[in-house]
Amino acid sequence: MLHVVNGSIQSRMNALVQSATERFESRVAGKTRVVAHVGHCSLSAGADEIVRALRQQVDDDSTLIMAGCDGVCFAAPSVEVIKPDGSHTYHQNLTPETADLSSLTSFTANAGPEAASFLSSQVRVALSDCGSLEAESIDHYLANGGYSAWSEALQSTPESIIDHLKDSRLRGRGGAYFPAGIKWEAARNTRAETRYVVVNCEEGEPGLFKDRHLMEGVPHRIVEGALIAAYAIDSHQIIFYINAEANLSSQRITMAVEQATELGLIGGDVLGSGFDVQVEIRRGAGGYVCGDETTLLNTVEGYRREPRLRPPFPTEAGLWGQPTVINNAETLANVPYIMSHETDEFTSIGDGDDAGTKIISLSGSVKRPGLVEVPIGTTLRQVIYDIGGGIRGDRELTAIGVGGPSSGVFPPDMLDTPIKPGFLHDAGVMLGAGGVIAIDDSMDVFEVVRNLAQYNADESCGKCTPCREGTPRMVELLDEVVNRQASTDQLENLARLVNETSLCGLGQAAGNPILSGLHFFPDRFAGDQGAGK
Amino acid sequence: MSVTLSVNGSQITVSDGSSVLDAINQSGTYISQLCKDPDMKPIGACRTCLVGIDGMRGFPASCSVPAAEGMVVETETDRARDLRRGVLELTISMFPDSDENTNGNHKELSIAAKHHGLDVSQWEGRPRQPVDVSNPVFDIAMDSCIMCGRCAQACQDGHQFIGAIDILGRGTEARIGTFMDRPLIESVCTTCGSCLASCPTGAIRVKNDPPETDRTVTTTCPYCGVGCGIQAKVDVNDNIIEILDDPDNQSSLGMLCVKGRFGFSFVNHPDRIKKPLIRKEGEFVEVDWDEALDYVVERLAEYRGDSFGTLASAKATNEDGFIQQKFARLVMGSNHIDHCTRLCHSPSVEAMLTSLGSGATSNSYIDYEEAGCLVIIGSDANSNHPVAASRMRRAVVERGAKLIIINPRRIDMCDYADLWLRPRPGTDVALLNAMAKVIVDEGLADSTFVSDRTEGYEEWWSTAQKYDLDYAEKITGVTADDIAEAARIYASPPFSGSCLIWGMGITQHTMGTANAHGLLNLALVAGQLGRPGSGISPLRGQNNVQGCGDSGCVPNSFPGYQPIGEESLAKFQQAWSNQPLPPDPGLVITEMVPAMDTGRIKAMYVTGENPLLSEPDLNHAEEMFKKLDFLVVQDIFMHETARIADVVLPATSFAEKDGTFTNSERRVQRVRKAVEPVGESKADWEIIRDVALRMSSRLGLELEHEFDYSHPSEIFDEMATLMPIIAGISYDRLEDEGGIQWPCPTPDHPGTRFLYESDFPRGPRAKFVGFDQGPVAAETPSARFPLILNTGRVLYHWHGGTITRRADNLLARSPELTVGMNPADGEKYGIADGEWIRVRSRRGDLEARTVYTERQRIGEIFVPFVKLQEHAANFLTNSALDPNSRIPEYKVCAVRVDSVGEDRGVTANRRPVATG
């Protein structure tokens, strides 16, 4: 926890919190709150119709709160009803017909036991209050302690912030798990006239939806984390780099930035501290590779979407050649918590050196798909069975896709693997940004692997030879292997070649789906049945 | 600082900042490296320089790993070789044809494949995009391209700063292409060939494969004053087959433009004059050298003294120039010697001599790169000094220098400008005075510099202070805000200093000298002189126009700018056998021409110049030259002036002789003989030596020993003893060190990057010289001639075009004369885009093709002064002179345009390509 030293900043902050709280309370006091979970995924399940129906029904005794989606995807569209006495009920899979205010408020029993069970085994730090906080209002966030870490940071020294972050052992949550404190320190220690903070919200890979939920549900938390990063590295410019398709995310982050700017939490002389900081929103240039941090920088500068050589690393020469910290949205969403808590409160979560939680984007054949934030060290079995409720219908789990197209597939006997940074298995399976896809016996593992391989070929930027030329050849070879026109050795050699020789993370992991497939499912890639089941 | 590391067991020491790849290359070990150009930053795309490094995971690309002390690098472990081989196999498999899908003739790729024992790829080839054949000089053949990215890097920011080609598309769709994926010829490509030079597989290649190289000769480009280093590749038949850039040249840093790289075929053009010619009964007759030389001596002997004039060549070497002025002064007893600078920078030289005491560029190209502000006025550097322009763009792109363009015409460099001022032609004096007034009024003047290092301020200020912004806005048409902003940026650049760079747009006016003084006053008042990143640069046109003046081919001073006077006369008489020398300054070329009319000048000896194309008002000039009793022309091609000569002597081109050129940044550089002289041609210095020797013996002057040279180095040695500015330079030093910038007074002096650090050649103080804005031009539009004609150059042609018309590649890129015209004028005068038209002035006419362009303001048209299909702008231009420097007003005259009714151009049936 940072220790307050500047009374003037604190008193300004207190005044802000007080008036925000008053504004929020005046809207909701004595009323029944109907909290609608509106995110990009629940919208596709009809949340907009539910909101439209409810909006027509709210009366003097009730108020509609637009929150982000709470990550209980299987329950969408859903609302939570909170009565003035504090009792609350959860209503899932609503339709315009069942979205009837009087019947929703008359329920006394919790109508969503599945949701409760899905949520109760999670430890939510980054996602805490996601789904209950009003997504488009800074007042609710402030009233709930939001921006207090920012205010405290401004009263502290950058060095102590960085030390505190290093002590927390927070690692980057974008998939590379680089220690965040060391990254900040490196950027701060590089002499430069100006520095940048870039929030990587590209989240381009299939099966991943956590950053979008964070941006939609708790946009201010990411903004707050980014502000603290900027202060810590002496940067005055933050750039949010948001996936080109994530319109709702962009809209809510933009709104959050505007609101925080209006209240003086962003801009010149923040809270009278003398610190100036601006935030700019940029939309992604399209493509998985834009999530690679140097590719991202190229596209922000208007260059072709391809990776740069490292070194120099972005902390030495990043955006426009200046030291730049690029953090994933989830990483920054952890920062306010870390700054406002004692170190061991964070490090006690997780698994020793790998502190904290990880948000898993759980999808596929599980009964309860959604966002699962769990301590690092939690096993895949706990994620899929205890939280995800096991496999849907009467199907059997046949494989687990972990970590997206840059990673690979596990067989069911690897279910007790704990999630952790880096490789979960040296056959090319890693946690990555935390996508977990349960695959049941109605799907063919070969097709899953082929799909991932094709994805990598499609997303190759074309800069380096092994990735550009090798990834499509891998797809060709996969087909030849199952037709017994090529050997699995040839395939494995090519996958290893591409992994070992490519320039950026995409190519260096492009062989993983194949390597893990060959290792764990050898029968599916050769032998009499081939893939022909 | 250096680091030492182990490469395959050998200790290699490299300079700090080197990569592991640099260390491997230095060790002599071969390693494949397809995307790393020796002169450029690593790209990291080809993945064929992978090595093992102790303590590092996997096999990193050695190009992108900084060499570190104590590193242990292994290039030949089995795994590293296997990985490289695997990548090379994927690389080869990019070629579509399965027969090609082997280790064929793909230059660097083939060498790499062979080294890794790779003949045939296990992979089938894949489809590629069609070949882009649109450029007449070279093709981009994607079917041989490995997407290394070097060509794009060479074209883009960081190297040439052109940006015509880049990588388009993703994955296997990736390809080299242009903006909007149009054919190369329709892009901003300038055909500089940097892409071709960097291509490791021959995917970018000239239309006809050159034969095998026998030898390579490092020399200096013969085109503009930038002075780029070139390497001439010569085959066994003594033909230059290819020109490469010279990465070691300190002026060009491995860059070249289209003329330098592709404009060499003139050397062996069939039109070369191969034997001496004497006019007999009206016709030229080939004769042998003896007869020709005897005839020249016989005739010239009649005109010793005041009736003899000579023009030296700014294309020839310093040694050629020196011997020519020595011949004129010592043997012919005449100071009537001049060269083409009279037609380009004489106002600059005149003004600089008055204000500073020296007529040279004060700074170096590196000062452009280090400046915080560049002001480019009256210069289309992209067309005329392309490589210097690349270095200016580097300043803007890489260092954030402010760029101010002052030009009535929208030149390409405007794309990079922070501010573009577009004054009415001929109003520069008012503009520059107003800028100076802003600097003074706003307290931006460098008062220490003004008080300690200048004089004449008060007198100048009494003139300049009248030019307040509103007044200047009225005269120039530039808004007061823009004038003020330009002045502020120039006087207070964001960092470092400011450079003033100018060309013919300043000088070729009747106010030329006044314009140049306006610029110098600006530099003096802002103190932007005499320190790194600042200075004044009249960009020199000809390859050796600086050296031609240096070596004394001017009527008023001896070599090394030693003005003719008692002291210098004594010095040179003593050096040259105590023979009398003409004591009074001679005539400049623009005075010699009228003196032909009056009969004062009766004989002319013209070397490597074509006044009957470069003079203004050509019809009149031809009349004058025809009045001469005797005209000798010494050149490589039969041109307009040679055609009316009595004797034509065949000279060699730059490629066939030794010597030195001095470029725009005062760098003396070696010219080396690459091929044997064509036909019976001889180097200029040899011909003049032979004439001088024969003249001496014919007249009994006993001066034979003064011309007893057997090699240009002997001439240079004599120059060094007589010219303090190059006293420390010798051929040995040029061999060891490359070019050296004068002043270089002693053999241990490193040469001089910029002048005027502490004083000026005229003394401790530079002089302000004020001028008022005069009439904007001698000739202004009228009802009959309603348009203003502006002349200049195009990138693809050199001056009058005598050379570039004979360089196939350049002629192909720009085959006919074009008139740049604003579409609004086209509409007004009923001229369509692409239409063949006639342009007339009071003095003559020409035919050319119209190109609609917004570059020209309404009411102004532009014609380059190259002669194509017998049409040339100088038939139109006005011979009105600047009273101070005697330069003609090429930049402004009044013309009219009329449709011809039929298309007589060479591209009549082809799709026109805009080059203007």
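Analyst: Helices (H or I, at least four residues) and strands (E, at least two) are DSSP runs, numbered from the N terminus. This is a predicted model, where local features need pLDDT of at least 70, side-chain atom pairs count only at pLDDT 80 or more, and totals for chains, interfaces and linings use all residues; side-chain values use heavy atoms, without hydrogens or water. Residues are numbered from 1 along each chain, while chains are lettered from A and ligands numbered from 1 in the order written.

User: Thanks! Where in chain B does B:G372 lie?

Analyst: Let's start with a neighbour in name: B:G372 and B:G260 are 112 residues apart in sequence and 29 Å apart in space, C-alpha to C-alpha. Now look along chain B for helix 10 (365–370) and strand 16 (373–377). B:G372 lies in the loop between helix 10 and strand 16.

User: Is B:G372 buried or exposed?

Analyst: Buried means under 20% relative accessible area, exposed over 50%, and partly exposed in between (1.4 Å probe, protein chains only). B:G372 has a relative accessible area of 0%. On that scale, B:G372 is buried.

User: What share of chain B is made up of buried residues?

Analyst: Chain B has 29 helices and 36 strands. The C-alpha trace of chain B spans about 85 × 70 × 65 Å along its principal axes. Of the 916 residues in chain B, the buried share is 64%.

User: What is the radius of gyration of chain B?

Analyst: Chain B, with its 29 helices and 36 strands, is as compact as a globular protein of its length, because its radius of gyration is close to the 29 Å that the globule rule gives for 916 residues. The radius is taken over C-alpha atoms, and the rule is 2.2 Å times the number of residues to the power 0.38. For chain B, the radius of gyration is 29 Å.

User: Let's move to chain A. Which residue does a cis peptide bond join to A:P311?

Analyst: Most peptide bonds are trans. In this one, omega is about 0 degrees. The partner sits in the loop between helix 13 (293–300) and strand 8 (324–328) of chain A. The residue joined to A:P311 is A:P312.

User: What is omega for the peptide bond from A:A76 to A:P77?

Analyst: A:P77 lies in the loop between strand 2 (62–67) and strand 3 (79–82) of chain A. The bond from A:A76 to A:P77 is cis. Its omega is near -5 degrees.

User: What is the phi of A:N93?

Analyst: Most residues other than glycine have a negative phi. A:N93 has a positive value, and its place is in the loop between strand 4 (88–91) and helix 4 (101–106) of chain A. A:N93 is also partly exposed, at 38% relative accessible area. Its phi is near 50 degrees.

User: Where is A:W320 found?

Analyst: A:W320 is a residue other than glycine with a positive phi, near 50 degrees. At 41% relative accessibility, A:W320 counts as partly exposed. Its place is in chain A, in the loop between helix 13 and strand 8.

User: How many salt bridges does a search of the whole structure find?

Analyst: A salt bridge is a side-chain nitrogen of Lys or Arg within 4 Å of a carboxyl oxygen of Asp or Glu. Some are linked in a network, such as the one holding B:R838, B:D845, B:E847, B:E902 and B:R904. Over all chains, the number of salt bridges is 90.

User: How many residues apart in sequence are the parts tied together by A:K166 and A:E185?

Analyst: A:K166 forms a salt bridge with A:E185, with the closest N and O atoms 2.9 Å apart. A:K166 lies in helix 8 (158–168) of chain A and A:E185 in helix 9 (180–189), so the pair ties together separate parts of the sequence. A:K166 is partly exposed at 32%, as is A:E185 at 25%. The separation of the parts in sequence is 19 residues.

User: Which residue forms a salt bridge with A:R381?

Analyst: A:R381 counts as partly exposed, at 35% relative accessibility, and its partner is partly exposed at 47%. The closest N and O atoms of the pair are 2.8 Å apart. The partner of A:R381 is A:D416.

User: Is A:R473 buried or exposed?

Analyst: A:R473 forms a salt bridge with A:E476, the closest N and O atoms being 3.8 Å apart. The two are separated by about one helical turn, because they are 3 residues apart in helix 18 (465–482) of chain A. A:E476 is partly exposed, with a relative accessible area of 40%. At 5% relative accessibility, A:R473 counts as buried.
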